Amino acid sequence: MLRLLRPLLLLLLLPPPGSPEPPGLAQLSPGAPPQAPDLLYADGLRAYAAGAWAPAVALLREALRSQAALGRVRLDCGASCAAEPGAALPAVLLGAPEPDSGPGPTQGSWERQLLRAALRRADCLTQCAARRLGPGGAARLRVGSTIRDAFRRREPYNYLQRAYYQLKKLDLAAAAAHTFFVANPMHLQMREDMAKYRRMSGVQPQSFRDLETPPHWAAYDTSLELLERQEAGLALPRLEEALQGSLAQMESCRADCQGPEEQEGAEEEEDGAGSQGGLYEAIARHWIQLLQCRQRCVGETATRPGRSFPVPDFLPSQLRRLYEAHAQVGNLSQAIENVLSVLLFYPDDEPAKRALNQYQAQLGEPRPGLGPREDIQHFILRSLGEKRQLYYAMEHLGTSFKDPDPWTPAALIPEALREQLREDQEKRSWDHEPPKPKPLTYWKDVLLLEGVTLTQDSRQLNGSERAVLDGLLTPAECGVLLQLAKDAAGAGARSGYRGRRSPHTPHERFEGLTVLKAAQLARAGTVGSQGAKLLLEVSERVRTLTQAYFSPERPLHLSFTHLVCRSAIEGEQEQRMDLSHPVHADNCVLDPDTGECWREPPAYTYRDYSGLLYLNDDFQGGDLFFTEPNALTVTARVRPRCGRLVAFSSGGENPHGVWAVTRGRRCALALWHTWAPEHREQEWIEAKELLQESEEEEEEEEEEMLSKHTSPEPPSRRHQRVQDKAGKAPRVREEL
C-alpha cells in the first residue's frame, strides 16, 4: 500500500505544468525524513519505462535527495557521537604510544577502552539515527551495493535528462545531462545528447551546470586559474576554501564507511567469510574493513568526477600552493604554518626546507606557538594510527591493504612487508617507471635503406614502444592509394559497415577496403591494378620496418590490413563532442576504471604490434592520440600526413583513439602484426596470388598480340616486366 501511495504523494508535490522549477535539487518535502532511496529509484525507473515522465522525475529526484540526506545524517551523527564522553578512541589507536606502566593489571588496558568506546559510540549512533530518520534508523533505509554504485555513477541523471526533455524543460534536461556526462565522459550517447542540447535555441550556456560535483573542486580549479594569472591575493581565499572543502569531503566519505551499507558491501567482498571465526575474529574483520574504507576516502576525495585516478598528493600539493601564495603577498606567518604542514608529510622535502629557512629569516625574531596547522596535524595523526593497524593486520591476519599515500613513513611498514610492497609497485611500471626500450640491432640501417626517418621515439611520445616514422610513401604513392580507395567506394566496395555510418560515431561515414577485395576489383577491372599492387607492396614495407624497429629477434607476420577512410558528414559537425574512434587497446579489453587491460575475447588477443600509415592531411580533426590507461589523460598526439607511419605495441600500454573528423576525408592504411604464424593474414596471400595470376594472364595476352605484329620494339610495360624477371625489380616509387 505504501508503495502505491508514494507516487501519488509525490505527484501532489510537483509544481504545476509550465511553472518555473528551482535550479538543482530543491527539497520537495521540507522537514520530512528521507525515504528508502533504493525503493524510490526502482519506482522511478518503473514510471520512466511506462512513459510517466512527471512521476519519474519526482521519484528520481526524491531518491537523490534521500540518498544525500542519509549521508548528512551519518556525518552529523558521527561527529556528535565522537565528541560524546566515553566514546573517544584510545590514544594508541591514533598513533600515540601506550603509556608504559609496567607489568600489572593496567597493561594492555587500551583494548578494554576500545571496547567500551565502541559500545558507547554504537549506542549513540543508534539513538541519533532513530531521532533523525525515524524508527529503525539507518537499518530501515539500508541500500545495497548495486544501488550505491548506480548513484555513484550518477545514473539517475541519465534518466532524468530524458524525462525533463519529454516534459519540455530543456534547461533542467541540459543540467541533468551535463551532470551525468561529467562523471561518464566516454558515454557516446550522452555526447550526442549534449551536442543536441547545445544546438537548441532554448538552452542557455549556463544551463550546463553540474549538480553533483563537490564544491572543493570548483574552488580548487578557480585557485589554479588565479595563480596562473599571478593573482596570489585573489587565489588565497579559494585555496583555503579548496583545502577546507577537501577535508570536509573526506569526513563525509569516512562517515559513509560506518553503518549497515558498508557492512553489507564488505561481506559481499569477503564472499561468505563473515561466517568464519569467532567473536574476536568477527570484530577484527569488521574493524579492518572500516579502516580500509576510511583510507580509500583519500583517493576518492582527490579523484575528479569522471576520472579514474586521483590527483597525486592532493593535500600536500594544496599546502605547497598555499605557502607560496602567502609568501608572495607577505603573509610570512601563514606561509611558515603551511610549509611546516608540508614537512609533516615529507620531513626531508628540500624545497620546503629551503622555503622555511627563507621565511624564518625574513620574519626575523622567532614567533612562539608558530607551528603546523592543527587540522593537518589531526589528519596525519589519525591516518598514521589507521595505517599502523592495517599493516599489523596485513602482516599477522593475512588481510590486504593498498596504501593511498606516497608519504607514509617507511618505518611504519613492517619489515616483512616492505619487499612484497616494493614488488607490487614495480608491477605498475607504466605509472612509476619510464619504459625500458627493447634492444634494437639493425633498424637504423633498414630505415636508412628505405629512405625513412625516425621522427619521434617512445620517449618523445611519452610512452612505451611507440614510434613515428616519416617517408614511407611519396606523394605520388599516396595519390595512387587514395584513388584506389575512392574507386573502390564508388564501386560499392565498403567493407565492414555497409558504407553508411561509422561504427563509432553517427557523424562520420566509414569506408574500408581489404587487400583481397582490392585484388578482386582489380581483376574485374573496376579499379586500377597499380593501386592494388601498391597496397600489397606497402603493407609488406610496413611489416619489414615494424619488425626491424620493435622485434628484430622474432619474425612478425601481417595479421590484418585495412585501407580505411573516414568522412565528416556535412551538416552534422557543429559542436561535436564525440570521437572518431573511442580510446581502446588493440589486443585487450581496456578497463579505464582500474587501468587494467584484459587480454581476452572479444579483443584480438593475438595482435602484437599495430601500425597506421597515413595517406593525406587535407581534412580537419582526425589526429591520433595516446592516453594513460584511464583513457582520459592524453600523453601524446600525432597529426596525420602523407607517408607518416605511427607504429606501436598493441597492448594496454598503448591506449589510443582518434579525434573527430569534422571536415573532409581522412584515409589511412591500418595494419596489425602478430608473432603467431597461425594468425597470418590469409587474405593477403590470396590477394598476392590473384594479382600474380592476373599479371600472368596479361603477359600471355601481350605475347599473343606481339606475335601478330612485326614491331621490333616491345611496349614499355613489356620491357619493364622483362627487367623484373631479370631480378632488377625497380621500386614502385621510382616507377611513379
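Is Arg 523 buried, partly exposed or exposed? Arg 523 has a relative accessibility of 36% and therefore counts as partly exposed. In this classification, buried means under 20% relative accessible area, exposed means over 50%, and partly exposed lies in between (1.4 Å probe, protein chains only).

The model is predicted: local features need pLDDT of at least 70, side-chain atom pairs count only at pLDDT 80 or more, and totals for chains, interfaces and linings use all residues. Residues are numbered from 1 along each chain as its sequence is written, and side-chain values use heavy atoms, with hydrogens and water left out.

**Exercise 1. Describe the salt bridge of Arg 523 and place both partners in the chain.**

Step 1. A salt bridge is defined by a side-chain nitrogen of Lys or Arg within 4 Å of a carboxyl oxygen of Asp or Glu. The side chain of Arg 523 meets that of Glu 693 in such a contact, at 3.6 Å from N to O.

Step 2. Helices (H or I, at least four residues) and strands (E, at least two) are DSSP runs, numbered from the N terminus. Glu 693 belongs to helix α24 (residues 682–707) and Arg 523 to helix α22 (residues 515–524); the pair links distant parts of the chain, 170 residues apart.

Step 3. Glu 693, at 40% relative accessibility, counts as partly exposed.

**Exercise 2. Determine what connects helix α3 with helix α4.**

Step 1. A disulfide is a pair of cysteine sulfur atoms within 2.5 Å. Cys 77 and Cys 128 are joined in this way, with an S to S distance of 2.0 Å.

Step 2. Cys 77 sits in helix α3 (residues 53–82) and Cys 128 in helix α4 (residues 109–133), so that distant parts of the chain, 51 residues apart, are linked.

Step 3. The torsion about this S-S bond is -75°, and the link of Cys 77 and Cys 128 is left-handed. Both cysteines, Cys 77 and Cys 128, are buried.

Step 4. A salt bridge is formed by Asp 76 and Arg 132, whose closest N and O atoms are 3.4 Å apart. Because Asp 76 lies in helix α3 and Arg 132 in helix α4, this pair ties together parts that are 56 residues apart in sequence.

Step 5. Asp 76 is partly exposed at 37% relative accessibility, and Arg 132 is partly exposed at 39%.

**Exercise 3. Characterise the disulfides of Cys 478 and of Cys 565.**

Step 1. The search of the whole structure finds seven disulfides. Among them, Cys 478 is joined to Cys 642 with an S to S distance of 2.0 Å.

Step 2. Cys 478 lies in helix α21 (residues 475–490), while Cys 642 lies in the loop between β11 (634–638) and β12 (645–649), so the pair ties together parts that are 164 residues apart in sequence.

Step 3. The torsion about the S-S bond of Cys 478 and Cys 642 is about 95°, so this disulfide is right-handed. Cys 478 is buried, at 2% relative accessible area, whereas Cys 642 is partly exposed, at 25%.

Step 4. Cys 565 is joined to Cys 667 (S to S 2.1 Å). With 110° about the S-S bond, the link of Cys 565 and Cys 667 is right-handed.

Step 5. This pair links distant parts of the chain, 102 residues apart: Cys 565 in strand β4 (residues 557–568) and Cys 667 in strand β15 (residues 665–674). Cys 565 is buried at 1% relative accessibility, and Cys 667 is buried at 1%.

**Exercise 4. Analyse the salt bridge within helix α23.**

Step 1. Arg 543 forms a salt bridge with Glu 540, the closest N and O atoms being 2.7 Å apart.

Step 2. Both residues, Arg 543 and Glu 540, lie in helix α23 (residues 529–550), three residues apart, about one turn of the helix.

Step 3. Arg 543 is buried, with a relative accessible area of 17%, whereas Glu 540 is partly exposed at 27%.

**Exercise 5. Establish the order and pairing of the sheet that contains β10.**

Step 1. Two strands pair if DSSP finds at least two bridges between them. Four strands form an open sheet in the order β5-β13-β10-β11, with antiparallel pairing.

Step 2. Strands β5 (581–584) and β11 are the edge strands, each pairing on one side only.

Step 3. Strand β10 (residues 624–627) pairs with β11 in the antiparallel sense over four bridges. Thr 627 stands opposite Val 634 in β11.
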